[in-house]
Amino acid sequence: MKMMNAAIKTQPLNIDLPSHCTFSTEDWLKLAKYWYPVARIEDIQDVPIKATLLDENLVIYKIKEEIIVARDVCPHRGVPLTLGSHDGEGVICPYHGLRFGEGGKCNRIPSSPQQTIPNKLNLYTYPVIEQYGLVWTCLTHDTQETVPNLPLWHEENVQQVICTPVDIEAFAGRQVEGFLDVAHFAWVHTGTFADPENQFVPDYSTQETAQGFNADYWSTVGDYPASDTFKKADDFKILRHFEFHLPFTATLTIHLRQGAKQVIMNAASPVSARKTRLFAPIVKNYDLDDKVQDVIDYNLKIFEEDRLMVETQKPERLPLDLKLEAHIPADRSSIMLRRCLKKAGFDQFFLI
Ligand code: FES
Ligand SMILES: [Fe+2]
């Protein structure tokens, strides 16, 4: 893990919500203290990259191996820097050519090259952590929160794969709810890993943790198409271990036979209250020679199977009051998700 650029505070830390913010002020301030992925490290090359997190537009660029995440607003006259270019010494604003380099600092004013550059012309940067092949950021500068844990990632002899980000027209809370849901496999995932005849959900329990909750689910649903023969055995059973980390990340460890494990992280990054960019780093300790693109394609196919449900369900935001919906026994995880979010102080997620 690499912690970089302690944020440069060129503006006071007042409440300064993004314009056109789709969250309530209270929810935005609570959400802003968590870490979210905003890009794959491999995608940060020699041009500035655009991302949006909690309605805040961001520019991401690399300079001398340091990754900078900053507001996508030129401190001079407010033009987005993602419209500009990168000359190797920094990102150049397309309007008057000011350039921003290491630490987000302005290092060139083309129209007055001799002038001392005031701090006011530095970018408003955010803290950055590089972890699991992803660039994580946090929109507050004094957070106590940590990046969610991805089991197995740091072990020897594993294959690490970072899926292409998936853009979803739905709230992140709804998306992560779908990832934790175990009753939809036989209905939604029949094109990938599930059997339409295997609809029964065995009993399972959840345990609260400091960051959210864990759930252990002994499943009779297979893991991936290659295991067809294995899953037909009478005693077929695999452990699906879920770890939910507030507010919108979960990992699923699938325990296969003889110590073989696969872990999928579902990090739902809230672009706005109605849009999500899903990042999914995956690690496994078997079939290490699988083609990376095949692993990505297979997992993207699973996420695509979920798309129609999560993009059309109502209400669009997640009701935290359990009385507002009907529940079935298989919903233990999604009930616990609501309890954890409520306990963390969120109470405005219900909106028709
Ligand atoms: S607006 Fe960016 S250099 Fe003037
Ligand atoms: Fe699903």
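Four donors around a metal count as tetrahedral if all angles lie between 85 and 135 degrees, and as square planar if opposite donors are over 155 degrees apart and all others between 65 and 115; anything else is irregular. I begin my notebook with this definition, and I note that the model I consulted is predicted.

**Entry 1: the iron site**

I looked up the iron ion (ligand 2) and its donors. The iron ion is coordinated by NE2 of His184, NE2 of His189 and, listed twice, OD of Asp306, at 2.1 to 2.6 Å. I then asked which arrangement the four donor atoms around the iron ion form. Their angles run from 55 to 149 degrees, which makes the arrangement irregular.

Along the chain, the donors of the iron ion follow the spacing H-x4-H-x116-D. I located two of these residues: His184 lies in the loop between α2 and α3 (185–188), whereas Asp306 belongs to helix α5 (residues 292–312), so the pair ties together parts that are 122 residues apart in sequence. I also checked whether His184 is buried or exposed. His184 has a relative accessible area of 14% and is buried, because buried means under 20%.

**Entry 2: helix α6**

I turned next to α6, which covers residues 332–343 and has 12 residues. From its first C-alpha to its last, α6 reaches 16 Å, close to the 16 Å expected at 1.5 Å a residue.

Which residues of α6 are buried? I recorded Ser333, Ser334, Ile335, Met336, Leu337, Arg338, Cys340 and Leu341. I then looked for what the buried residues of α6 pack against, and found helix α2 (172–180) together with the strands β15 (205–208), β16 (212–219) and β17 (238–245). After α6 comes Gly345, and its phi is positive, near 105 degrees.

**Entry 3: helix α2 and its crossing with α6**

Since α2 appeared among the partners of α6, I examined α2 as well. Helix α2 is mostly covered, with eight of its nine residues buried. I listed the buried ones as Ala172, Gly173, Arg174, Gln175, Val176, Glu177, Phe179 and Leu180.

How do the axes of α2 and α6 cross? They come within 9 Å and cross at roughly 145 degrees, and the crossing is right-handed. At the meeting of the two helices, α2 supplies Gly173, Arg174, Val176, Glu177 and Leu180, while α6 supplies Ser333, Ser334, Leu337 and Arg338.

**Entry 4: cis peptide bonds**

I searched the backbone for cis peptide bonds. One joins Leu246 and Pro247, with omega about -5 degrees. Pro247 sits in the loop between β17 and β18 (249–255). I noted another from Lys314 to Pro315, where omega is near -10 degrees. Pro315 is placed in the loop between α5 and α6.

**Entry 5: positive phi in residues other than glycine**

I found that Asp55 is not a glycine, yet has a positive phi of about 70 degrees. Asp55 is in the loop between β3 (49–53) and β4 (56–63). Lys64 likewise is a residue other than glycine with a positive phi, in this case near 50 degrees. I located Lys64 in the loop between β4 and β5 (66–71).

Are these residues buried or exposed? Asp55 is buried, with a relative accessible area of 12%. Lys64 counts as exposed at 55% relative accessibility, because the cut-off for exposed is over 50%.

**Entry 6: two further residues**

I looked up Asn299, which lies in helix α5. Asn299 is buried, with a relative accessible area of 6%. Leaving aside neighbours within four places in sequence, I found Asn299 in contact with Cys163, Gln262, Ile264 and Ile282. I also noted that Asn299 and Asp195 are 104 residues apart in sequence and 17 Å apart in space, C-alpha to C-alpha.

Lastly, I turned to Thr82, found in the loop between β5 and β6 (85–86). Thr82 has a relative accessible area of 19% and is buried, because the cut-off for buried is under 20%. Which residues does Thr82 touch, not counting residues up to four places away in sequence? I recorded Pro48, Ile49, Lys50, Leu58, Val59 and Asp72. Between Thr82 and Asp142, I noted 60 residues in sequence and 26 Å in space, C-alpha to C-alpha.

Notes: Residues are numbered from 1 along each chain as its sequence is written. Chains are lettered from A and ligands numbered from 1 in the order in which they are written. This is a predicted model: local features need pLDDT of at least 70, side-chain atom pairs count only at pLDDT 80 or more; totals for chains, interfaces and linings use all residues. Side-chain values use heavy atoms; hydrogens and water are left out. Helices (H or I, at least four residues) and strands (E, at least two) are DSSP runs, numbered from the N terminus. The expected span of a helix is 1.5 Å times one less than its number of residues. Buried means under 20% relative accessible area, exposed over 50%, partly exposed in between (1.4 Å probe, protein chains only). Contact means heavy atoms within 4.5 Å. Donors are N, O and S atoms within 2.8 Å of the metal (3.2 Å for Na, K and Ca); water is not among the atoms, so sites may look incomplete. Four donors count as tetrahedral if all angles lie between 85 and 135 degrees; four count as square planar and six as octahedral if opposite donors are over 155 degrees apart and all others between 65 and 115; anything else is irregular. Axes are lines fitted to C-alpha atoms, for helices over the stretch in contact, and angles run from 0 to 180 degrees between N-to-C directions. A crossing is left-handed if the near helix is turned anticlockwise from the far one by less than a right angle, and right-handed if clockwise.
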